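Let's walk through this model together, starting at the ligand and then moving on to the enclosed empty spaces. Keep the viewer open as you read.

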Amino acid sequence: MIEFKNIHKSFEDVHAVDDVSLRIEEGELFGFIGPDGAGKTTLFRMLNSLLIPDEGQINLFGLDPVKEYKKVRQIIGYMPGKFSLYYDLSIEENLQFFATVFGTTIEENYHLIEDIYKQIEPFKKRPAGKLSGGMKQKLALSCALIHKPRLLLLDEPTTGVDAVSRREFWEMLQKLKEKGITIVVSTPYMDEAGLCDRVALMQNGKIHAVAPPSEIVSQFSDPLYTIKVKNNYKSLQALRQWEFCENVYPFGETLHYLDKRNNVSADVIEAYLSSQQLTFDKVEMIQPDIEDCFIALTHNVG
Amino acid sequence: MRILLALLQKEFLQIFRNRTMLPLIFVMPLVQLIILVNAATMDMKNISITVADMDLSSTSRLLINKLEASPFFKLEELSINKEDAIDRLQDNKTDVVIFIPNKLEADVNREGIGKMQIITDAIDASKAQLSFGYLSNMIRELNLSIAINQQSLPNLNQIKSEALYWFNPELNYKYYMLPAIMAILVTIIGMFLSALNLVREKEVGTAEQINVTPIRKSHFIIGKLVPFLIIGLLELTLALLVAKILYDLPVNGSLLVLYTFAFIYLVAVLGIGLLISTKSQTQQQVMMLSFFFLLVFVLLSGAFTSVDNMPYIAQKLNRLNPLYYFMNVIRMVLIKGAGFSDVFLEIRSTLVIAIISVSLAVFSYRKTT
Ligand SMILES: Nc1ncnc2c1ncn2[C@@H]1O[C@H](COP(=O)(O)OP(=O)(O)OP(=O)(O)O)[C@@H](O)[C@H]1O
Ligand SMILES: [Mg+2]
């Protein structure tokens, strides 16, 4: 079990992590979802002993990362957001180096990385700096796993990786989870939230919600409408002016709209748009996804 | 131990794969020794000299003959009066003026002592000093030959016994500069390469990954120290070979003494380099700081000017300057043939600096912030 208790961390005037308390169970695949600057990296660096919290306690499987950092470093496999392996060493040399440094061998824990490493093994003589984004990510994951960590801590592992590799990567995480490794991952991509057992929505150093993704979505009770219009910008302006508008925001090609009233119908919204001389294709009630929940949660706070 | 070996293996792999560093390590000594030695060496031959001879006696003739015969001096003109001679000095037409008053020989014969004046252009202080040295030597020889001629007056003249050129009889300035340049070379390689290497790990982000491993700080620092220590010693060897082949540099002392000292010295400088990089975040900061230290070390060390002529405070500061000790040791060993007992003080002081700097580097390397 991993537990954060009232964790605070500031850098000069930035309150990067602001009173974070939460619990992650052993064996969970847990996600921190939040935009740039939310404080995900700062939180991770406190968990893995690189950063000391200003206030609060962390309990990592019964260890205190501040005092027992030596033990903590043995049981965490950390993959920083930025690729941090040696560019001038080959795939094989990097893996060998990290295995030795953790007092183990590639052979000993090969079963853990086999599925992942097999995919890059044909290029094992190639310097890490010359690998594609997806290959780098697989190598970094192999290096983070080679000492059989109890906790895998992945900071934005899929940033800058193509869609196919992203999907593959999440499949790999599912398999690792089945092997009993606790996985904590951060991502700015809302669509990846659905792949976690539980997620924490984080912004400006604060946690706004912690729940399984399905629960977060089902807690969203207000009716949500998607509006397909010709002119997104003008319609957005017009809807914002409307007295009943709770929130409206661009969502991909469309706009998502929330009304203050409980029982509006699509017709009412269409009528309003027509009255503003705006042409629209379609107004339709939809099921919210994680991103809508995130926006709703942070909107209420802001 | 296995961790340390893995670290060392990693460092060596990286060094041998670095396409800019390796040539630098091996080309730099050649270029420096060829160019810098010649640039830093003052040509002590052909010092232009003007003699204002008022005496026109056999004694003054003797001196002028000696000057003409000397390879160091070029006798420009025999000027009749002192003012003309001084003008020539002021117009940069000559480097040294010798003024021989008209009763020199008479005074020598009568009172046993004669006075003459040597005026040098001291803008180039070391050149002036050296010319003065040559001339005093020459006049001393002259004194002796007069004494031989006039054996009735054995206690004839004040004899200045100047021991300036004992170890460098031909006054080969290169022999003075070569060891200095070699010492500076080894310092640059040691300090810069190690410092840049460590801060690069911070910049690239690999330090972040290293910091979450169980690698001990001391192992990490030793892993950075050993490769560059070996490279520094190789560099010294290379420089010695080049100096021997190109300039026939004498090696009068024991190389064991030199290498023992160089080993301790490199640990000290590498420690300083690593300390700089633990305190820096970017390669740029490391460059600035290393340059600052290098410049101070070199200027104080006595590479180009004699430490004895430096202000008291500079002489005191030199006690903290490892390059000052290295400069002494390398010159003493190569030129004077010094042994262990002669450089004991230097070894002891440098050892203290080495222990302090490496401990500080280990201490100030932070895995956690
Ligand atoms: N070492 C530091 N010094 C100063 N400010 C920092 C430092 N590290 C983080 N911050 C600030 O703390 C806040 C949180 O940063 P953090 O890197 O934790 O966010 P993040 O959620 O990981 O964002 P990203 O998606 O951009 O990686 C930001 O405003 C950032 O500027
Ligand atoms: Mg981050």
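Begin with ligand 1, which in this predicted model is surrounded by Phe11(A), Val14(A), Ala16(A), Pro35(A), Asp36(A), Gly37(A), Ala38(A), Gly39(A), Lys40(A), Thr41(A), Thr42(A) and Glu156(A). Sorted by class, the shell around ligand 1 holds 5 nonpolar, 4 polar and 3 charged residues.

Now zoom in on the oxygen atoms of ligand 1. The backbone takes part here: a polar backbone atom of Gly39(A) is 2.8 Å from a ligand oxygen, and a polar backbone atom of Lys40(A) is likewise 2.8 Å from an oxygen of ligand 1. Thr41(A) contributes through its side chain, with a polar atom 2.5 Å from an oxygen atom of the ligand. How much of ligand 1 does the protein cover? Taken on its own, ligand 1 has 630 Å² of accessible area, and the protein covers 62% of that.

Which elements of chain A give two or more residues to this shell? They are β2, spanning 14–24, and α1, spanning 40–47. The largest share, 3 residues, comes from α1(A).

Next, the empty space. Rolling a probe the size of a water molecule over the atoms shows where such space is left. In this model the count comes to 2 cavities of 30 Å³ or more.

The largest cavity has a volume of about 60 Å³. To find it, select Ile76(A), Gly77(A), Tyr78(A), Phe98(A), Phe102(A), Cys143(A), Ala144(A) and His147(A), together with Gln209(B), Val212(B) and Thr213(B), so both chain A and chain B appear in the lining under the rule that a lining residue has an atom within 4 Å of a cavity point. Two elements of chain A give two or more residues to this lining, β5 (76–79) and α5 (133–145), and β5(A) provides the largest share, 3 residues. What is the class make-up of this lining? There are 7 nonpolar and 4 polar residues, with no charged ones.

Finally, turn to the second largest cavity, which holds about 50 Å³ of space. Its lining consists of Leu112(A), Asp115(A), Ile116(A), Met172(A), Lys175(A), Leu176(A) and Lys179(A). The elements that give two or more residues to it are α4 (110–120) and α6 (163–178) of chain A. By class, this lining divides into 4 nonpolar and 3 charged residues, with no polar ones.

Notes:
Residues numbered from 1 in each chain as written. Chains lettered and ligands numbered in written order. Predicted model: local features only at pLDDT ≥ 70, side-chain atom pairs only at ≥ 80, totals over all residues. Heavy atoms only, no water. Near = heavy atom within 4 Å. Polar contact = N/O pair within 3.5 Å; in protein donor to acceptor, adjacent residues only side chain to side chain. Areas by Shrake-Rupley, 256 points an atom, 1.4 Å probe, with all protein chains shown as cover. Helix = DSSP H or I, 4+ residues; strand = E, 2+ residues; numbered from the N terminus. Nonpolar A, V, L, I, M, F, W, Y, C, P; charged D, E, K, R; others polar. 1 Å grid on protein atoms, 1.4 Å probe; cavity = no way out; pocket = protein on both sides within 12 Å on 5 of 7 lines; lining within 4 Å. Points joined across faces, edges and corners; volume = space filled by probe spheres on them.
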